[in-house]
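Trainee: Could you take me closely through a single part of this model, and show how that part sits among its surroundings? I would welcome one connected account.

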Amino acid sequence: MAAEDFNKPHSLPPYPEMIITAIDALNEKMGSNKTSISKFIESKYQNLPAGHSTLLRHHLNRMKDTGELIFWKNNYMKPDPNFIRRGRGRPPKPKEPGMPTSGGSARPRGRPRKDEFGADEVQVPIQVPGAAPPKKQKMSLFEDFDANIGMGSNTKTGRPRGRPPKVKPQMGGEGVSA
């Protein structure tokens with residue numbers, strides 16, 4: 001008996017056909033929402049399956065994805081070839097036929113990439129055997145101070161960073177004379 005019920009042809013048309021019929025019959029200007037489509041199908045067709053709402057949602061989503069229906073402002077409608085929906089913002093400028101296409105700009109956008117091979121690092125001169133060693137460059141007062149004490153320097157002002165170390169007062173002699 002169960003096999004006979006399973007193989008019996010259904011009296012219902014396929015869901016996409018029922019959906020298109022409902023949208024045409026409702027004939028709303030901005031399309032029909034899922035609730036109105038469902039109510040129309042329930043009123044027109046009898047003995048719908050138990051999972052009618054799930055099946056309806058599945059077929060609506062599938063028809064939306066394939067392009068059979070357009071989903072706009074929570075409504076489903078049939079696509080109209082003459083209908084053009086503009087996006088937000090200013091429309092693009094019309095392009096002239098002689099103008100080159102984008103993609104060939106003089107300078108790329110954003111910050112330039114860091115060189116992988118270290119071109120930004122200081123080049124160390126190569127010492128040739130038998131030649132005089134290169135002269136040591138003179139350091140500024142603050143660079144010498146930073147190198148000796150180990151403090152970083154502020155490159156904008158030329159001063160060392162942070163609070164200067166406290167200077168401890170030195171005692172003048174072995175003892176205090178009265």
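**Helix H4 and its surroundings**

Mentor: H4 is followed by Gly-67, whose phi is positive, near 95°. This is a predicted model, and what follows should be read with that in mind.

Helix H4 covers residues 52-66. With 15 residues at 1.5 Å a residue, H4 should span 21 Å, and since its end C-alpha atoms are 21 Å apart, the expected span and the modelled one agree. The buried residues of H4 are His-52, Leu-56, His-59, Leu-60 and Met-63. Seen down the axis of H4, these buried residues fall within an arc of 105°, so they line one face of the helix. The cover over the buried residues of H4 includes H2, H3 and E2, and the neighbours can be taken in turn.

On the side of H3, a useful residue to follow is Ser-38, which lies in that helix. Because its relative accessible area is 13%, below the 20% limit, Ser-38 counts as buried. Leaving out residues up to four places away in sequence, Ser-38 touches His-52 and Leu-56, both of which are listed among the buried residues of H4. With His-52 there is also a polar contact, in which the two side chains are joined at 3.2 Å.

On the side of H2, Ile-19 is the residue to examine. Apart from its neighbours within four places in sequence, Ile-19 is in contact with Leu-56, His-59, Leu-60 and Met-63, and also with Ile-41 and Leu-69. The largest nonpolar core has 14 residues, and those with the most contacts inside it are Ile-19, Ile-37, Ile-41, Leu-56, Leu-60 and Leu-69. The elements giving two or more residues to this core are H2, helix H3 (34-44) and H4, and the largest share, five residues, comes from H2.

Met-18 belongs to helix H2, which covers residues 15-26. Its relative accessibility is 0%, so Met-18 counts as buried. Setting aside residues up to four places away in sequence, Met-18 touches Pro-13, Ile-41 and Tyr-45; Ile-41 is also a contact of Ile-19. Met-18 and Tyr-45 are 27 residues apart in sequence, while their C-alpha atoms are 9.0 Å apart in space.

Beyond Gly-67, the chain reaches strand E1 (70-72) and strand E2 (75-77), with Lys-73 in the loop between them. Asn-74 lies in that loop as well. Lys-73 has a phi near 55°, a positive value in a residue other than glycine, and Asn-74 likewise has a positive phi, near 65°. Because its relative accessible area is 64%, Lys-73 is exposed; Asn-74 is exposed too, with a value of 54%. E2 itself, as noted, is among the elements that cover the buried residues of H4.

To place this part within the whole, the protein chain has five helices and two strands, which follow the pattern α-α-α-α-β-β-α when read along the sequence. Of its 178 residues, 15% count as buried. Among contacts with a separation of 6 or more, 39% come from residues 24 or more positions apart. The chain exposes about 17,000 Å², of which carbon and sulfur atoms supply 54%.

Key:
Residues numbered from 1 in each chain as written. Predicted model: local features only at pLDDT ≥ 70, side-chain atom pairs only at ≥ 80, totals over all residues. Heavy atoms only, no water. Helix = DSSP H or I, 4+ residues; strand = E, 2+ residues; numbered from the N terminus. Buried < 20%, exposed > 50% of the residue type's maximum accessible area, 1.4 Å probe, protein only. Contact = heavy atoms within 4.5 Å. Core = buried A, V, L, I, M, F, W, Y, C linked by side-chain atoms within 4.5 Å. Polar contact = N/O pair within 3.5 Å; in protein donor to acceptor, adjacent residues only side chain to side chain. Areas by Shrake-Rupley, 256 points an atom, 1.4 Å probe, with all protein chains shown as cover. Expected span 1.5 Å × (residues − 1). Arc of directions from axis to C-beta.
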